[in-house]
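Student: I am new to this structure and would like to learn how to read it one feature at a time. Could we begin with how its elements are named?

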Amino acid sequence: MPHIQLPEGVPGIRSLAAYRPDTGKFLYEWAQTLLRGGDSPLSEAERELIAAYVSHRNECTFCMSSHAAAARFLYKEAGQTVDIVLNDYRNAPISEKLKALLTIAGKVQSDARTVLDEDVALARSHGAVDRDIHDTVLIAATFCMFNRYVDGLATITPPANDLDTWNAMGERMGTFGYVPPR
Amino acid sequence: MPHIPLPPHLPGITGLLEYRQDTAAPIRELTQLILRGESSLTFAERELIASLVSHRNECRFCTAAHSAVTGILMGENDTCDLVRENYETAPVSDKMKALLHIAAQAQRGGRYVTESAVDRAKTAGATDLEIHDTVLIAALFCFYNKYVDGLATDLPADSGYFQLLGERIAVSYGRRPEGYEHSLSHTPNTTPETH
């Protein structure tokens, strides 16, 4: 049960945006610009994957399941990559660059001060540019916020194994992006 | 040294908000709304939450900035110093202690916020909205702290920087209309680069 009286029948972040639409509006704009904005060198699928990975490490079921579903939708026929990454990204069929960026994202999640020059140098050696580094840290830090907001108020979360619900949510996020609830 | 090239005259968060302005816009607007918008919590009470969370994340830039602005808003620095050290014995209301406890739990992670902490705040008179805003502020500062430290941004060279920064953000977190091309030392009669 949520810690405060939230609109019923709405899960996760949507219930918080419905509770306080003025802050919700900016949070959704933030997510939309970050995860769908056109000028990031990271694909939308890669950005969703980083969001899902950080949420997974924060054990935020709502954000992890929804962003994993969005990433699966955006990876299309390679959708299973997402589940392999969440299980063990170092041995997943993704680029060395993305592996190095996920290492940075993981460090931001646990303690941002532990991101080392050599972590960044490794990402650069695999082709990462400044914006890859920046956007990875920004996505990781942003999801440390969303995860705390969603779980800190104990919002309603559908069961993790209810894949129909998550896949429908992921398809909507992949198709329409981040639109606040009315 | 920062992990990406940032203007040397824009330390901490200030260089990052200029580096990528499309994401900075909603970040600034949310910050302005939650910290300076209408609320039954005072500006100083909200800044105390920001200061405590930043301190617990050991983010030196954000701790210094939000402690400075709290001091300016309260007219003294002792309360903020004592809250960072131990909010349970600090000279703040029982309601604030309970909200600061929720913020401290949220700093560790969303799942660490307990029902008993929320009950304690409600018993001390906190409204649902105050509990909501406390969690959102704590979460927002975990974001800022990780953004600032994850990219290894610089601290300011000038020790007077945070007082000037505090004076500016006491009023607004908006972007300065003229931008931030010049360093503080080049424009001695203006307020410093900031959020």
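Tutor: Helices here are DSSP runs of at least four residues, numbered from the N terminus. Please keep in mind that this is a predicted model. With that naming, Ala154(A) can be placed in the loop between helix H8 (130-152) and helix H9 (163-176) of chain A.

Student: What is the phi of Ala154(A), and is the residue buried or exposed?

Tutor: As a general idea, most residues other than glycine have a negative phi. Ala154(A), although not a glycine, has a positive phi of about 55°. To judge its surroundings we count C-beta atoms within 10 Å, where 20 or more would make a residue buried and 12 or fewer exposed. Ala154(A) has 19 other C-beta atoms within that distance of 10 Å, and therefore falls in the class called partly exposed.

Student: Where is Glu58(B) found, and what is its phi?

Tutor: Glu58(B) sits in the loop of chain B between helix H3 (43-56) and helix H4 (60-74), and its phi, near 55°, is positive in a residue other than glycine. Because Glu58(B) has 13 C-beta neighbours inside 10 Å, it counts as partly exposed.

Student: How should I read a helix, taking helix H6 of chain A as the case, and which of its residues are buried?

Tutor: One can set its span against the expected value of 1.5 Å a residue: H6 (residues 96-111) of chain A has 16 residues and reaches 23 Å from its first C-alpha to its last, close to the 22 Å expected. Its buried residues include Leu98(A), Leu101(A), Ile104(A) and Val108(A), and also Lys97(A) and Gln109(A). Among the elements that cover the buried residues of H6(A) are helix H3 (44-57) and helix H7 (117-125) of chain A, together with helix H8 (128-150) of chain B.

Student: How many residues does each chain bring to the contact between chains A and B?

Tutor: The contact takes 39 residues from chain A and 38 residues from chain B. On the side of chain A that touches chain B, H8(A) gives the most, with 16 residues. By class, that side of chain A has 21 nonpolar, ten polar and eight charged residues.

Student: Which residues have the most contacts inside the largest nonpolar core?

Tutor: In soluble globular proteins, nonpolar side chains tend to be buried together. The largest nonpolar core here has 119 residues, and those with the most contacts inside it are Ile102(B) and Ala103(B). The largest share of this core, 13 residues, comes from H8(B). Beyond its neighbours within four places in sequence, Ala103(B) is in contact with residues including Ile49(B), Leu52(B), Ile137(B) and Ala138(B).

How values were computed
Residues numbered from 1 in each chain as written. Chains lettered and ligands numbered in written order. Predicted model: local features only at pLDDT ≥ 70, side-chain atom pairs only at ≥ 80, totals over all residues. Helix = DSSP H or I, 4+ residues; strand = E, 2+ residues; numbered from the N terminus. Expected span 1.5 Å × (residues − 1). Contact = placed C-beta atoms within 7 Å. Nonpolar A, V, L, I, M, F, W, Y, C, P; charged D, E, K, R; others polar. Core = buried A, V, L, I, M, F, W, Y, C linked by C-beta atoms within 7 Å.
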